[in-house]
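Reader: I have a sequence and its structure open side by side, and I would like to work through them with you, one question at a time. Could you reason each answer out for me and finish on the value or name I asked for?

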Amino acid sequence: MDDRRAWVATRKGLFELQRLGLAWRVARTSFAGEPVSMVLPPDAQGRMLAALNLGHFGVKMHASDDAGATWREVAVPT
């Protein structure tokens, strides 16, 4: 089985796509309905970063240590 993955940041959330043979499917959705403006795919340890542009509240940074299974808010770099 081909284990290719892609992450798509949209105004409607963050989507993890998984390739199965010749087809792609949505494997996981994070931040449903929230505008995700940037995502860094997992590094060798599985750490990911995502930025959500929440308009009036500004940009909020979230981190995941398990390749996107769970997320926690972290401080935005100054």
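Reader: In which loop is phenylalanine 31 found, and is this residue buried or exposed?

Author: In this predicted model, phenylalanine 31 belongs to the loop between β3 and β4, the latter strand spanning residues 36-40. Its relative accessibility is 18%, and because the limit for a buried residue is under 20%, phenylalanine 31 of the β3-β4 loop counts as buried.

Reader: What is the phi of phenylalanine 31?

Author: Phenylalanine 31 is not a glycine, yet its phi is positive. The value for this residue is about 55°.

Reader: Where does alanine 67 lie, and what is its phi?

Author: Alanine 67 is placed in the loop between β6 and β7, with β7 covering residues 72-74. With a relative accessible area of 27%, alanine 67 is partly exposed. Alanine 67 is a residue other than glycine with a positive phi, and the value is near 60°.

Reader: Which strand holds histidine 62, and is the residue buried or exposed?

Author: Histidine 62 is part of strand β6, which runs over residues 59-64. Because its relative accessibility is 13% and the limit for burial is under 20%, histidine 62 in β6 counts as buried.

Reader: Which residues does histidine 62 touch, not counting those up to four places away in sequence?

Author: Leaving aside residues up to four places away in sequence, histidine 62 touches Phe31, the loop residue discussed above. Its other partners by that count are Met48, Leu49, Ala50, Leu52, Trp71, Arg72, Glu73 and Val74.

Reader: How far apart in space are histidine 62 and alanine 44?

Author: Along the sequence, histidine 62 and alanine 44 are separated by 18 residues. In space, taken from C-alpha to C-alpha, the distance between them is 18 Å.

Reader: How many salt bridges does a search of the whole structure find, and which residues are linked in a network of them?

Author: The search of the whole structure returns 4 salt bridges. Among them is the one between the side chains of arginine 5 and glutamate 16, at 2.7 Å from N to O. Glutamate 16 also meets the side chain of arginine 28 in a salt bridge, at 3.1 Å from N to O. The count is therefore 4, and the linked network consists of Arg5, Glu16 and Arg28.

Reader: Which parts of the chain does the pair of arginine 28 and glutamate 16 tie together, and is glutamate 16 buried or exposed?

Author: Because arginine 28 lies in strand β3 and glutamate 16 in strand β2, the pair ties together parts that are 12 residues apart in sequence. Arginine 28 is partly exposed, with a relative accessible area of 30%, and arginine 5 is likewise partly exposed at 36%. Glutamate 16, at 6% relative accessibility, counts as buried.

Reader: Which residue forms a salt bridge with aspartate 65?

Author: Aspartate 65 counts as partly exposed at 45% relative accessibility, and its partner is also partly exposed, with a relative accessible area of 39%. The closest N and O atoms of the pair are 3.1 Å apart, and the partner is arginine 72.

Reader: Which residues line the largest cavity, and what is its volume?

Author: The structure holds 1 cavity of 30 Å³ or more. The lining of the largest cavity consists of Trp7, Leu14, Glu16, Arg28, Thr29, Ser30, Met48, Ala67, Gly68 and Trp71. By class, this lining has 5 nonpolar, 3 polar and 2 charged residues, and the volume of the largest cavity is about 40 Å³.

Reader: Which strand gives the most to the lining of the largest cavity?

Author: Strands β2 (13-20) and β3 (23-30) each supply at least two residues of this lining. The strand that gives the most, with 3 residues, is β3.

Reader: How many helices and strands does the protein have, and what percentage of its residues is buried?

Author: Read along the sequence, the pattern is β-β-β-β-β-β-β, which comes to 0 helices and 7 strands. The C-alpha atoms fill a box of roughly 40 × 25 × 15 Å along the principal axes. Of the 78 residues in the protein, the buried ones make up 24%.

Notes
Residues are numbered from 1 along each chain as its sequence is written. This is a predicted model: local features need pLDDT of at least 70, side-chain atom pairs count only at pLDDT 80 or more; totals for chains, interfaces and linings use all residues. Side-chain values use heavy atoms; hydrogens and water are left out. On a 1 Å grid over the protein atoms alone, a cavity is a set of points where a 1.4 Å probe fits but cannot get out, and a pocket is an open set with protein on both sides within 12 Å along at least five of seven lines; lining residues have an atom within 4 Å of a point. Grid points are joined across faces, edges and corners, and a volume is the space filled by probe spheres set on the points. Helices (H or I, at least four residues) and strands (E, at least two) are DSSP runs, numbered from the N terminus. Ala, Val, Leu, Ile, Met, Phe, Trp, Tyr, Cys and Pro count as nonpolar, Asp, Glu, Lys and Arg as charged, and the others, Gly among them, as polar. Buried means under 20% relative accessible area, exposed over 50%, partly exposed in between (1.4 Å probe, protein chains only). Contact means heavy atoms within 4.5 Å.
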